[in-house]
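Subject: Structure handover and notes

Dear colleague,

Here is the structure I promised to pass on, together with its sequence. My notes on it follow below.

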Amino acid sequence: MATEKHARWYFGGLASVFAACITHPLDLLKVVLQTHQGKLPAVQLVAEIVNKQGVLAFYNGISASVLRQITYSTARFGFYEVGTDYVNTNTFSGKIGLAGVSGMIGGFIGAPADLINVRMQHDVKLPPEKRRNYKNAVDGLIKAYRKAGFRNIFRGATLTSFRGGLMTIGQIAFYDQIKSYMLKNLQCRDSLGTHFTASLLAGITATTLTQPMDVLKTRTMSAKPDEFGGLRDVIQYTAKLGPRGFFKGYVPAFLRIGPITILTFLFLEQLRLNFGYEKIQKTLYRY
């Protein structure tokens with residue numbers, strides 16, 4: 001009979017918001033590097049942004065980043081947590097399957113906020129006359145809808161959904177599997193050190209799985225109307241840089257995904273341990 005504490009369905013969303021507020025500058029740098037068609041080093045890009053717009057430019061789009069976590073992460077963590085009552089996540093395949101589906105659902109739900117997040121961050125590298133200048137996330141959604149309709153705010157939703165599935169497999173499924181292995185096989189305690197190690201390895205896995213999709217998604221969302229005819233055009237455009245083009249910005253991506261993964265799970269575990277609930281009865285799995 002299980003008596004360990006479990007996270008409530010919305011804890012993942014809360015933890016992700018806390019983490020995003022800390023790591024947002026790294027996310028912005030990742031977007032700038034991925035949309036830059038050239039070989040300008042990250043250090044020079046940072047210097048250029050600071051010289052032209054100041055340090056606060058790295059928090060451009062923070063409202064969209066928070067909205068994205070409220071929609072995307074709340075959905076994926078929520079579906080995964082609720083799904084554990086119906087899917088046997090004692091197996092690694094069960095974790096991967098549930099995480100993949102939960103991530104795709106969350107990715108689709110969070111696509112509009114993700115679109116505005118990318119565009120607001122992309123504004124940093126554009127000259128003033130070419131910026132979209134959204135005041136905040138809500139203003140961005142309204143303007144995007146008025147300009148090109150409902151389909152525009154879900155631009156890149158397919159890529160975002162697939163990326164969400166891969167990201168959730170890399171983060172949640174691998175985190176749960178690694179943590180479970182450490183607790184059962186390595187006799188580790190359910191402590192901060194265990195949470196940190198499992199989340200670090202999950203962050204590396206998530207970055208590797210999602211980077212090619214992330215590059216394509218970022219290019220799609222930051223593109224001008226009719227710049228690309230479809231996903232094939234985006235792939236061909238990126239392929240001009242060679243195989244490494246699909247992993248462009250990998251280090252900044254990890255420097256963003258790694259910390260946000262670690263912080264998210266550290267916050268989530270503290271929420272679980274202090275405000276979680278106990279499942280008194282054994283769960284009856286349907287799958």
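Which residues does phenylalanine 246 touch, not counting residues up to four places away in sequence? The model is a predicted one, and in it phenylalanine 246 touches Gln211, Pro212, Val215, Leu216, Ile235, Thr238 and Ala239. Phenylalanine 246 sits in the loop that runs between helix H10 (231-239) and helix H11 (250-275), and although it belongs to a loop, it counts as buried because its relative accessible area of 18% falls under the 20% cut-off. Aspartate 190 is 56 residues from phenylalanine 246 in sequence, and the two C-alpha atoms are 37 Å apart in space.

Serine 199, which is found in helix H9, is also buried, with a relative accessible area of 0%. Its side chain reaches the backbone oxygen of phenylalanine 196 at 2.9 Å. Leaving aside residues up to four places away in sequence, serine 199 touches Tyr175, Thr261, Ile262 and Phe265.

Helix H5 may be a good element to look at next. This helix covers residues 111-122, so numbered in the model, and has 12 residues; from its first C-alpha to its last it reaches 16 Å, which is close to the 16 Å expected at 1.5 Å a residue. Since 12 of the 12 residues of H5 are buried, the helix is largely enclosed by the rest of the structure. The buried residues of H5 include charged side chains as named in the sequence, among them Asp114 and Arg119, as well as Leu115, Ile116 and Val118.

I also looked for enclosed space, and the structure holds 2 cavities of 30 Å³ or more. The largest cavity contains about 110 Å³ of space, and of the 14 residues that line it, Gln69, Arg76, Gln171, Arg256 and Ile260 lie nearest its centre. Helix H3 (62-83), helix H8 (157-184) and H11 are the elements that give two or more residues to this lining. Sorted by class, the lining of the largest cavity has 4 nonpolar, 6 polar and 4 charged residues.

The second largest cavity, with a volume of about 60 Å³, is lined by 12 residues, and those nearest its centre are Asp27, Lys30, Asp114, Asn117 and Lys217. Two or more residues of this lining come from each of helix H1 (11-35), H5 and helix H9 (192-222). H5 gives the most, with 4 residues, and two residues of H5 that are buried, Asp114 and Asn117, are among those nearest the centre of the second largest cavity. By class, this lining has 2 nonpolar, 3 polar and 7 charged residues.

Finally, there are two backbone angles to look at in the loops. Asparagine 133, in the loop between H5 and helix H6 (137-148), has a phi near 55°, which is a positive value in a residue other than glycine. At 47% relative accessibility, asparagine 133 counts as partly exposed. Glutamine 187, in the loop between H8 and H9, likewise has a positive phi in a residue other than glycine, near 60°, and with a relative accessible area of 63% glutamine 187 is exposed.

With best wishes

Conventions:
Residues numbered from 1 in each chain as written. Predicted model: local features only at pLDDT ≥ 70, side-chain atom pairs only at ≥ 80, totals over all residues. Heavy atoms only, no water. Buried < 20%, exposed > 50% of the residue type's maximum accessible area, 1.4 Å probe, protein only. Contact = heavy atoms within 4.5 Å. Expected span 1.5 Å × (residues − 1). 1 Å grid on protein atoms, 1.4 Å probe; cavity = no way out; pocket = protein on both sides within 12 Å on 5 of 7 lines; lining within 4 Å. Points joined across faces, edges and corners; volume = space filled by probe spheres on them. Polar contact = N/O pair within 3.5 Å; in protein donor to acceptor, adjacent residues only side chain to side chain.
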